[in-house]
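Good morning, and thank you for the time on today's agenda. I would like to introduce a structure that is new to most of this group, beginning with the surroundings of its ligand.

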Amino acid sequence: MTERIRAGILGTGSALPKRVLSNADLEKMVDTSDEWIVTRTGMKERRIAEPGEATSDYAAAAAERALEAAGVAAEDVDMILCATVTPDMMFPATACLVQHRIGAVKAGAYDLSAACSGFLYGLANAVSMIEAGRIRYAVVIAGDLLSRITDYTDRSTCVLFGDGAGAVVLGPVEGDRGFYAFDLGSDGGGADYLCLPAGGSRMPATAETVANKLHYLRMQGQETFKFAVRAMAASTEKVLTQSGFEKEDIDLLVPHQANIRIIDAARKRFGLDEDKVVVTVHKYGNTSASSIPIALDEAVREGRAKPGDLLVMVGFGGGLTWGATAVRL
Ligand code: UT7
């Protein structure tokens with residue numbers, strides 16, 4: 001009988017713009033205050049890409065760093081997945097642009113759209129392909145430049161978002177390392193909570209859609225907040241149950257970074273000390289699907305996430321979508 005293949009994380013990487021947009025900067029742009037932003041969201045600053053830059057620039061840099069950390073050559077990568085809601089273009093896929101940029105000559109490449117949950121969806125896709133024995137190495141990237149779809153005259157959204165990308169290299173692992181469980185969910189009934197109204201097939205771009213600001217992200221903040229708190233708890237519970245781990249087994253929780261109050265609600269629900277939760281929301285804001293792999297990469301590079309640690313990653317976002325996974329590094 002052939003041995004079951006288990007996929008795991010071989011390396012992590014991330015890439016962030018240098019330019020900082022602080023709360024003080026935002027105070028000059030819209031009617032807001034540092035005090036409001038910090039108490040309601042936990043955010044102090046976020047990173048913003050330069051004009052002319054695109055998601056693939058950061059996605060490729062994050063992928064290269066992850067490959068270097070994994071010790072895997074780009075030519076050996078079989079599949080590249082990029083989770084994004086701000087692709088360079090509607091098509092071709094940003095993953096294809098990354099494939100060419102990093103020289104992954106034999107890789108298949110595609111984008112996937114699950115908003116802020118996209119990284120978890122990407123992981124589940126790639127893990128399935130590796131564990132089925134169809135591919136050996138995958139690069140899963142999440143990259144978004146939300147500044148490109150943010151209305152910087154709308155104080156209810158513009159204080160929240162930032163730009164960046166994160167990536168992991170996945171491949172077969174030995175022993176008790178690897179992915180133990182996934183939970184993925186959706187509820188299209190909440191599609192209006194978080195959406196980009198125009199530019200798709202329902203409402204193609206016209207001078208009118210531009211004038212009406214329909215190419216900017218729209219969010220019903222409070223509804224999304226309530227959904228987020230519920231989804232984080234339920235999805236984490238599910239992967240713990242599926243994998244047979246207890247909340248006490250979690251070495252590190254790596255949640256989507258949308259709001260410190262949402263993260264704190266999850267932390268308290270699972271009785272985790274602050275040092276068991278990775279938080280980057282104060283310095284990068286909400287970077288959509290990228291927030292989990294950026295936080296993961298920082299935790300690995302700072303030595304907070306170590307080989308053998310059990311991590312739970314959990315996120316939620318537009319769709320509505322949500323997801324979680326339990327993985328031993
Ligand atoms: O990753 C995708 C998922 N997204 C999320 O998870 C976001 C979830 N939602 C949230 O994080 C929160 O709902 C927000 C941070 C977006 C908003 O916080 P909130 O505590 O729900 O505030 P609110 O929307 O209820 O607004 C409270 C007040 C309102 O004024 P009034 O009506 O009470 O006079 C807003 O107009 O705060 C006002 N407000 C602001 N004031 C200063 C809204 N935005 C701002 C602002 N600065 N930037």
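Let me start with composition: sorted by class, the shell around the ligand consists of 10 nonpolar, 9 polar and 4 charged residues. Please keep in mind throughout that this is a predicted model.

In total, 23 residues surround the ligand. The closest are Thr 32, Gln 222, His 256, Asn 259 and Asn 286.

Which helices supply at least two residues each to this shell? They are α2, spanning 34-41, α6 at 155-158, α8 at 221-243 and α9 at 260-269. The largest share comes from α8, which gives 4 residues.

I turn now to individual polar contacts. The side chain of Arg 40 has an N or O atom 2.8 Å from an oxygen atom of the ligand. For His 256, too, a side-chain N or O atom lies 2.8 Å from a ligand oxygen. At Gly 221 the partner is a polar backbone atom, 3.0 Å from a nitrogen atom of the ligand. As for burial, the ligand taken alone exposes 960 Å², and the protein buries 74% of that.

Where does the ligand lie with respect to the domains? Domain 1 covers 6-175 and domain 2 covers 180-328; both give residues to the shell, so the ligand lies between them.

Let me continue with the sheets. One is an open sheet of 5 strands, in the order β1-β7-β6-β4-β5, and its pairing is mixed. At its edges are β1 (6-15) and β5 (108-112), each of which pairs on one side only. From one strand to the next, the twist averages 20 degrees. Within this sheet, β4, residues 79-83, runs parallel to β5 and is joined to it by 5 bridges. As a point of reference on the screen, Leu 81 stands opposite Tyr 110 in β5.

Another open sheet has 4 strands, ordered β8-β13-β12-β11, again with mixed pairing. Here the edge strands are β8 (178-186) and β11 (252-255), and each pairs on one side only. Neighbouring strands of this sheet are turned against each other by 10 degrees on average, direction ignored. Strand β12, residues 310-317, pairs with β11 in the parallel sense over 4 bridges. In this pairing, Val 254 stands opposite Met 313 in β12.

To close, I return to the ligand: it lies between domain 1 and domain 2, because both contribute to its shell. Thank you for your attention.

Key:
Residues are numbered from 1 along each chain as its sequence is written. This is a predicted model: local features need pLDDT of at least 70, side-chain atom pairs count only at pLDDT 80 or more; totals for chains, interfaces and linings use all residues. Side-chain values use heavy atoms; hydrogens and water are left out. A residue is near a molecule or strand if one of its heavy atoms lies within 4 Å of it. A polar contact is a pair of N or O atoms within 3.5 Å; within protein, one must be able to donate a hydrogen and the other to accept it, and residues adjacent in sequence count only if both atoms are side-chain atoms. Accessible areas come from the Shrake-Rupley method with a 1.4 Å probe; for residues, only the protein chains shown count as cover. Ala, Val, Leu, Ile, Met, Phe, Trp, Tyr, Cys and Pro count as nonpolar, Asp, Glu, Lys and Arg as charged, and the others, Gly among them, as polar. Domain bounds come from an automatic or database domain assignment. Two strands pair if DSSP finds at least two bridges between them. Axes are lines fitted to C-alpha atoms, for helices over the stretch in contact, and angles run from 0 to 180 degrees between N-to-C directions.
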